Amino acid sequence: MASLDQNHFLLPLLFIIIISSLNVLLASTTPSHKLKSAITIRKLNRRGPYIGLVTVFETEENAFLGSVDFRPDPMQPFLDLSGRRFRIGKIHGKKVVYVRCGIGMVNAAAATQQMIDVFNVKGIVHFGIAGNINNSMSTGDVTIPKQITNAGLWEWLNPDKAKGSEDVAYLDVGNYNVPQGKNKLGTIGYSYEELYSVNGRINSPQKVFWINTTQEWLHLAADLEKMELLQCVNATLCLPNKPKLVVGLKAATADIFVDNAAYRNFLYDSFGVSSSDMESSAMAMTCASNGYPIIVIRGLSDLAGVGDNTVRKFGSLAATNTAKAVLEFIKKLPASHCSI
């Protein structure tokens, strides 16, 4: 009987020793900087939720930080993760986490997923500059699209085989020969994305061509069409027309910088898109996959393929107009999205 009582006492003790040893082992194999970051993140998230703000490169960042009253968190103004600096603070009393993701779709998706996984965010506001695809839009205008497609998901088809019905649109390279004729590069077919989503069935992706931005946020942004945008870079460099903001157009994304008039016309004629950039669809796809709201705000810096160096002259103006639109949108967000 005494032996049974002794075992009854020793077994829980042994269990406690094993668990404690595992905790020590895990702590010893986890880099100290990760443990420190985890503690900091927990503290930050208790003070959330935040609105996630994501832009792309330095010109956009400078315009944003120079145009808005960004007030860094006095206790933790930033957190460096995976080579990126996530800035924590407030804009007009709304709590935000801001990061510059870097150019391209992989950078965009990686930074957005990290923002969602690490921080207590209610949604993502993505912004930056873009190429103009729509002849009825102008440099300096700002677009807030309702739909975005990945126009870089191609099938380069065998020129000796007939086109299938799996693709959304086709670019026949031979149509652009001078004179026209068959070209060995053949045809490019524009394919569907595969969307894995928290709202879908496990391992059963949905085929999509367009990713929708968040309808509720688009409604909030509708009033921004009345806002005043800048027309001049300085006293001697101005746009010929007053810029405007338009909500509800379409956009295209690809890891391609579009500076070709023929391809610009193809994109507009085939898909009805008004702007082209290298990040937006990746961010929208990541948010849709995780079930998070997103809005995209892009300032038009040039008309693709014109070749008049417009982006160098007016890129900063387009970025500043975009930053102004972001600020006004943040003001409109209800307090429940980012508690004060």
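Me: How do the residues in the lining of the largest cavity divide by class into nonpolar, polar and charged?

Reply: In this predicted model, a search of the whole structure finds one cavity of 30 Å³ or more, and the volume of the largest cavity is about 50 Å³. Its lining is made up of A151, T253, A254, I256, V258, Y263, L267, S276 and D277. Sorted by class, the lining of the largest cavity comes to six nonpolar, two polar and one charged residues.

Me: Which elements give two or more residues to the lining of the largest cavity?

Reply: The lining of the largest cavity includes Y263 and L267, both of which are also listed with the buried residues of helix α6, residues 261–271. S276 and D277 belong to the lining of the largest cavity as well, and strand β19 covers 275–277. The elements that give two or more residues to this lining are therefore α6 and β19.

Me: Within what arc do the buried residues of α6 fall, seen down the axis of the helix?

Reply: The buried residues of α6 are Y263, R264, F266, L267 and F271. They line one face of the helix, because the arc that holds them, seen down the axis of α6, is 160°.

Me: Which residue has a side-chain oxygen that reaches the backbone nitrogen of A262 at the start of α6?

Reply: At the other end of the helix, α6 is followed by G272, with a positive phi near 70°. At the start of α6, the backbone nitrogen of A262 has a side-chain oxygen within 3.1 Å, and the residue that supplies this oxygen is N260.

Me: Which element gives the most to the lining of the largest pocket?

Reply: The largest pocket holds about 410 Å³ of space, and of the 23 residues that line it, those closest to its centre are F57, I129, F257, S301 and V311. At least two lining residues come from each of α3 (58–67), β6 (121–132), β19 (275–277), β20 (294–303) and α8 (310–332). By class, the lining of this pocket has 11 nonpolar, six polar and six charged residues. With four residues, the element that gives the most to the lining of the largest pocket is α8.

Me: Which cysteine does a disulfide join to C232?

Reply: The count comes to one disulfide, whose S to S distance is 1.9 Å. The link is right-handed, with 105° about the S-S bond. Since the range between 20% and 50% is called partly exposed, C232 is partly exposed at 34% relative accessibility, and a relative accessible area of 35% places its partner in that class too. The cysteine joined to C232 is C238.

Me: What is the relative accessible area of C287?

Reply: Buried means under 20% relative accessible area, and C101 is buried with a value of 4%. C287 is buried as well, and its relative accessible area is 0%.

Me: Which residue has a side chain joined to that of N150 by a polar contact of 3.0 Å?

Reply: N150 lies in strand β8, residues 147–150, and counts as buried at 9% relative accessibility. A polar atom of the N150 side chain lies 2.9 Å from the backbone nitrogen of G152. The polar contact of 3.0 Å, by contrast, is one between side chains, and it joins N150 to E193.

Terms used. Residues are numbered from 1 along each chain as its sequence is written. This is a predicted model: local features need pLDDT of at least 70, side-chain atom pairs count only at pLDDT 80 or more; totals for chains, interfaces and linings use all residues. Side-chain values use heavy atoms; hydrogens and water are left out. Buried means under 20% relative accessible area, exposed over 50%, partly exposed in between (1.4 Å probe, protein chains only). The arc is that of the directions from the helix axis to the C-beta atoms. A polar contact is a pair of N or O atoms within 3.5 Å; within protein, one must be able to donate a hydrogen and the other to accept it, and residues adjacent in sequence count only if both atoms are side-chain atoms. On a 1 Å grid over the protein atoms alone, a cavity is a set of points where a 1.4 Å probe fits but cannot get out, and a pocket is an open set with protein on both sides within 12 Å along at least five of seven lines; lining residues have an atom within 4 Å of a point. Grid points are joined across faces, edges and corners, and a volume is the space filled by probe spheres set on the points. Ala, Val, Leu, Ile, Met, Phe, Trp, Tyr, Cys and Pro count as nonpolar, Asp, Glu, Lys and Arg as charged, and the others, Gly among them, as polar. A disulfide is a pair of cysteine sulfur atoms within 2.5 Å.
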